[in-house]
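Colleague: Please take a close look at a single part for me. I would like to hear about pockets, and then how that part sits in the rest of the protein.

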Amino acid sequence: MQGFAIEPNSTILIRFFLPFQNMDYDNLCKDILELDQNIRFAGVCDDTGEIRHGGQRQGVGNLLSSDETKRSNLQALARWSLRNSLSPKIGKGKYAMAEYEKIKRITFPLEEYHLLLITTEVNADHGKIIDKVLDMLKK
């Protein structure tokens, strides 16, 4: 497989999302922020990488500019598209988690070309948070 790059101003149409029907994304993000004080951000982006619901925990500073956040979201969308291309053989992805020096980032595919994005402090119990979010998404 050859590598690929996403241009900052490119538009990507990605069809890989799981069928979580009639989800109230604003309340979902609010409820996720209430799960654990170590959750910094809970938001939902659309297929353009724009955050449409949710946001940063009050009192927590952004580490990325809005342009960097959008680029990061587009990269996450592209990674989910690649994962989806393998789903006929290994099944659909439920979540992905990456740990950086300053944060952990967890992504979950949603309906209608949306992606749930959660960032936490490095010391957060990501397994516990992931389990709780997966339970919330089943409802």
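Modeller: One definition comes before the pocket. Helices and strands here are DSSP runs: a helix has at least four residues, a strand at least two, and both are numbered from the N terminus.

Keep in mind that this is a predicted model. How confident is it? The average pLDDT of the protein is 86, and 84% of the residues score at least 70. Two stretches need care. Residues 1-7 have a pLDDT below 50. Beyond near neighbours in sequence, that stretch has six contacts in the model. Residues 9-21 also have a pLDDT below 50, with 34 contacts beyond near neighbours in sequence. Where pLDDT is low, the predicted coordinates should not be read in detail.

Now the frame around the pocket. The protein has four helices and five strands. Along the sequence they follow the pattern α-β-β-α-α-β-β-β-α. The chain has 139 residues, and 40% of them are buried. Take the contacts with a separation of 6 or more: 57% of them join residues 24 or more positions apart. The accessible surface is about 8,500 Å². Carbon and sulfur atoms hold 47% of that surface.

Next, the pocket itself. Rolling a probe the size of a water molecule over the atoms shows where empty space is left. The largest pocket has a volume of about 560 Å³. It is lined by 23 residues. Which of them are closest to its centre? They are Gln 56, Leu 63, Leu 64, Thr 69 and Thr 119.

Which elements build the lining? At least two residues each come from β1 (39-45), β2 (51-56), α2 (66-85) and β5 (115-120). Helix α2 gives the largest share, six residues. Sorted by class, the lining has 10 polar, seven nonpolar and six charged residues.

Two of these elements are worth a closer look, through one residue each. Start with helix α2, where Arg 79 is placed. Is Arg 79 buried, partly exposed or exposed? Its relative accessible area is 37%, so Arg 79 is partly exposed, since that class runs between 20% and 50%. Arg 79 and Ala 96 are 17 residues apart in sequence. In space, their C-alpha atoms are 9.5 Å apart.

Then turn to strand β5, which holds Ile 118. Ile 118 has 0% relative accessibility, so it counts as buried; the cut-off is under 20%. What touches Ile 118? Leaving aside neighbours within four places in sequence, its contacts are Ile 32, Ile 39, Phe 41, Lys 104, Arg 105, Ile 106, Phe 108 and Val 133. One of them, Ile 106, is 12 residues away along the chain. The C-alpha atoms of Ile 118 and Ile 106 are 5.1 Å apart.

Finally, look at strand β3 (residues 96-99), where Glu 99 lies. Its relative accessibility is 48%, so Glu 99 counts as partly exposed. Setting aside neighbours within four places in sequence, Glu 99 is in contact with Lys 104 and Val 122. Lys 104 is also among the contacts of Ile 118. Glu 99 and His 126 are 27 residues apart along the chain. Their C-alpha atoms are separated by 9.7 Å.

Note on methods
Residues are numbered from 1 along each chain as its sequence is written. This is a predicted model: local features need pLDDT of at least 70, side-chain atom pairs count only at pLDDT 80 or more; totals for chains, interfaces and linings use all residues. Side-chain values use heavy atoms; hydrogens and water are left out. pLDDT is the predictor's confidence in each residue, from 0 to 100. Contact means heavy atoms within 4.5 Å. Buried means under 20% relative accessible area, exposed over 50%, partly exposed in between (1.4 Å probe, protein chains only). Accessible areas come from the Shrake-Rupley method with a 1.4 Å probe; for residues, only the protein chains shown count as cover. On a 1 Å grid over the protein atoms alone, a cavity is a set of points where a 1.4 Å probe fits but cannot get out, and a pocket is an open set with protein on both sides within 12 Å along at least five of seven lines; lining residues have an atom within 4 Å of a point. Grid points are joined across faces, edges and corners, and a volume is the space filled by probe spheres set on the points. Ala, Val, Leu, Ile, Met, Phe, Trp, Tyr, Cys and Pro count as nonpolar, Asp, Glu, Lys and Arg as charged, and the others, Gly among them, as polar.
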